[in-house]
Amino acid sequence: QDLEFTVERGKLYMLQTRSAKRTGEAAVRIAVDMVSEGLINRKEAVARVEPRQLEQLLFPRVDPSAKVQALTRGVPASPGAATGQAVFDADTAQEWGKQGKAVILVRIETNPNDVHGMVEAKGILTQTGGTASHAALVARGMGRPCIVGASKVLVNLSTRSFSVDGVTVKEGDEITIDGLTGDVYLGRVPTIDPKPLSKHPQANAILSWADGIRRLEVWANADYPRDATKARENGAQGVGLCRTEHMFMEQDRLPIVQAMIMATTTKEREKQLDLLLPIQRSDFHGILSVMKGLPVVIRLIDPPLHEFLPNRDGLVSEIATLKATGKKPAELKRLEKILARVEELHEANPMLGLRGVRLSVLFPEITRMQVRAIMEAAADLRKKKIDARPEIMIPLVGTLAEMSAVHRELKPVAELVQKEKGVRVPYKFGTMIEIPRAALTAGEIATEAEFFSFGTNDLTQMTFGFSRDDAERHFIVRYLESKILPRNPFETIDEKGVGRLMEMAVREGRKTRPKLEVGICGEHGGDPDSIHLCHRIGLDYVSCSPFRVPIARLAAAQAAMEPGTSSN
């Protein structure tokens with residue numbers, strides 16, 4: 001506390017007291033020092049450090065002493081601060097990044113085709129979207145600073161620039177973004193770089209004490225071996241979500257994926273899937289190897305297929321240009337064929353359309369290939385005495401019949417691979433609970449599913465009837481200002497609605513299967529308040545970005561110390 005007092009005629013008068021301002025590093029250091037001096041115990045030290053203060057230690061941040069004025073503000077979607085040259089497409093971001101230039105990728109919105117540029121960028125800024133948009137999810141997974149929904153940032157792709165209230169930023173101009181506050185600055189702004197966690201003994205002490213208190217395990221969302229390595233460094237106890245579609249977007253296999261989607265028969269699709277099999281097997285081999293001895297939940301293909309094909313508007317533009325010039329007739333024919341397939345796959349609401357388990361029902365050959373790749377990778381590792389523990393997750397299940405149909409299709413593949421390889425692999429089939437109906441009928445679904453993982457981004461979207469990509473841009477801020485909503489439900493779980501569905505699913509699922517493993521893999525898994533809810537309703541683990549694992553470890557310990565809760 002910051003105290004103001006005076007002494008008058010030998011008498012002490014307290015004038016006022018308020019919470020003292022201090023940095024995250026100071027908060028951690030003071031707590032550890034007070035334990036060393038015997039002033040407080042370890043539990044009290046853990047309780048005194050706020051997760052947001054710990055976050056300051058883990059990510060670069062704008063120097064608070066810098067005298068700078070923000071150009072504009074968007075929605076903070078992934079913490080950290082970064083400076084770089086503005087670029088407006090993923091290919092340029094990749095090219096400049098490989099040349100050693102620091103770049104900030106600026107887009108109206110991102111999609112899976114932008115991932116290769118996001119990998120090379122120091123940060124991401126988008127004009128539209130919310131905290132559950134593609135840019136936000138991918139950036140958090142990569143540990144990149146990200147600001148979304150910066151509605152005053154008017155991106156002009158034709159001039160390769162953006163403008164804010166009459167100020168124009170051209171490609172190559174430097175900007176700085178602060179993913180903790182959502183502020184965007186012109187030019188280079190002084191930042192403070194964090195120490196690696198391994199070189200911060202005070203933070204490690206707090207986290208070690210937290211680990212001795214918490215009941216919840218902390219896993220990480222990891223799509224690549226590099227993510228899994230960072231997760232283990234930060235203390236993760238498993239991988240709660242490995243998204244196979246991100247692997248599909250890698251440049252070396254995207255043409256094969258697109259050829260598979262363009263195929264008109266099962267035989268043609270299986271021909272392309274045969275080419276994908278060794279690539280996917282290698283992907284899973286890498287992540288299972290890094291996480292040896294720990295569970296890895298691998299989600300089968302989830303997004304609609306059109307997301308892997310070129311953008312419709314871009315195709316229309318290219319075709320119009322080729323028709324006008326009369327050049328490259330073969331290329332024109334190829335693009336027209338792709339456009340026809342894009343039109344065929346077009347849906348009025350793709351988030352509620354042909355995706356997730358529905359893809360497995362209509363195109364079982366795709367997920368058969370994925371399960372074979374997972375099990376072959378795990379079997380090969382176990383032959384080398386490496387303890388691989390895959391858990392296969394079927395997404396977007398809403399009925400027991402869907403779960404049963406896909407389980408019947410895929411379990412024989414898993415068993416056959418073990419027979420072929422001559423080795424047993426401990427594995428499970430489970431599902432993502434992200435549709436309200438799945439939560440309401442969890443008792444039935446648990447007759448087939450060996451584990452549940454809450455996909456709270458989609459569960460929130462479907463429970464509220466909000467479009468997660470549009471709500472924050474159009475009305476969430478007004479709802480928060482008007483107190484219509486107490487919190488942004490895409491940042492912190494809505495306890496009365498979504499939380500109640502989760503509690504019901506846990507209770508009903510465990511009535512059917514008492515030892516049912518239940519976790520959460522939506523980005524809420526890294527939010528401290530949501531972690532408290534997960535502790536109270538009896539989840540086994542939370543899973544979040546590898547970079548937020550330490551924050552989740554601290555929050556899980558503080559949840560266990562809440563009055564009226566048990567750490568057992």
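Modeller: Before we start, a pocket is an open set of grid points with protein on both sides within 12 Å along at least five of seven lines, and its lining residues have an atom within 4 Å of a point. Also keep in mind that this model is predicted.

Colleague: Okay, which residues lie nearest the centre of the second largest pocket?

Modeller: That pocket holds about 640 Å³ of space. Its lining is made up of 25 residues. The ones nearest its centre are Arg-52, Glu-55, Glu-491, Asp-527 and Arg-548.

Colleague: Which helices and strands give two or more residues to that lining?

Modeller: By class, the lining of the second largest pocket has nine nonpolar, seven polar and nine charged residues. The elements that give it two or more residues are helix H3 (51-58), strand E5 (75-78) and helix H22 (528-536).

Colleague: And between which domains does the second largest pocket lie?

Modeller: The domain assignment splits the chain into domain 1 (2-49), domain 2 (61-192), domain 3 (233-246 + 273-305 + 363-558) and domain 4 (312-345). Two of these both give residues to the lining of the second largest pocket, so the pocket lies between them. They are domain 2 and domain 3.

Colleague: What distance separates the centres of domain 2 and domain 3?

Modeller: Let's take the centres over C-alpha atoms. For domain 2 and domain 3, the separation comes out at 29 Å.

Colleague: How many residues does each of domain 2 and domain 3 put into their contact?

Modeller: Contact here means heavy atoms within 4.5 Å. Going by that, domain 2 gives 16 residues and domain 3 gives 14 residues.

Colleague: Let's turn to cavities. What is the volume of the largest one?

Modeller: In a cavity, a 1.4 Å probe fits but cannot get out. The structure has three cavities of 30 Å³ or more. For the largest cavity, the volume is about 110 Å³.

Colleague: Which helix supplies the largest share of the lining of the largest cavity?

Modeller: There are 13 lining residues, and Gly-141, Met-142, Asp-223, Asp-227 and His-246 lie nearest the centre. By class they are six nonpolar, three polar and four charged. Helix H6 (134-142) and helix H8 (225-233) each supply at least two of them. The largest share, four residues, comes from H6.

Colleague: How many residues of H6 are buried?

Modeller: Buried means under 20% relative accessible area. The buried residues of H6 include His-134, Arg-140 and Met-142. H6 is mostly covered, and its buried count is nine of nine.

Colleague: Which residue with a positive phi follows H6?

Modeller: Step just past the end of H6, and you find a phi near 75 degrees. The residue there is Gly-143.

Colleague: Now Asp-223: is it buried or exposed?

Modeller: Asp-223 sits in the loop between strand E16 (217-221) and H8. Its relative accessible area is 6%, and the cut-off for the lower class is under 20%. So Asp-223 counts as buried.

Colleague: Which residue's backbone nitrogen does the side chain of Asp-223 reach?

Modeller: Leaving out residues up to four places away in sequence, Asp-223 touches Leu-241, Cys-242, Arg-243, His-246, Met-247 and Ile-287. Its side chain comes to 2.8 Å from one backbone nitrogen, that of Arg-243.

Colleague: Last one: what separates the C-alpha atoms of Ser-208 and Gln-251?

Modeller: Ser-208 is in helix H7 (residues 201-211). Ser-208 is partly exposed, with a relative accessible area of 45%. Gln-251 is 43 residues away from Ser-208 along the chain, and their C-alpha separation is 40 Å.

Terms used. Residues numbered from 1 in each chain as written. Predicted model: local features only at pLDDT ≥ 70, side-chain atom pairs only at ≥ 80, totals over all residues. Heavy atoms only, no water. 1 Å grid on protein atoms, 1.4 Å probe; cavity = no way out; pocket = protein on both sides within 12 Å on 5 of 7 lines; lining within 4 Å. Points joined across faces, edges and corners; volume = space filled by probe spheres on them. Nonpolar A, V, L, I, M, F, W, Y, C, P; charged D, E, K, R; others polar. Buried < 20%, exposed > 50% of the residue type's maximum accessible area, 1.4 Å probe, protein only. Polar contact = N/O pair within 3.5 Å; in protein donor to acceptor, adjacent residues only side chain to side chain. Domains from an automatic or database assignment.
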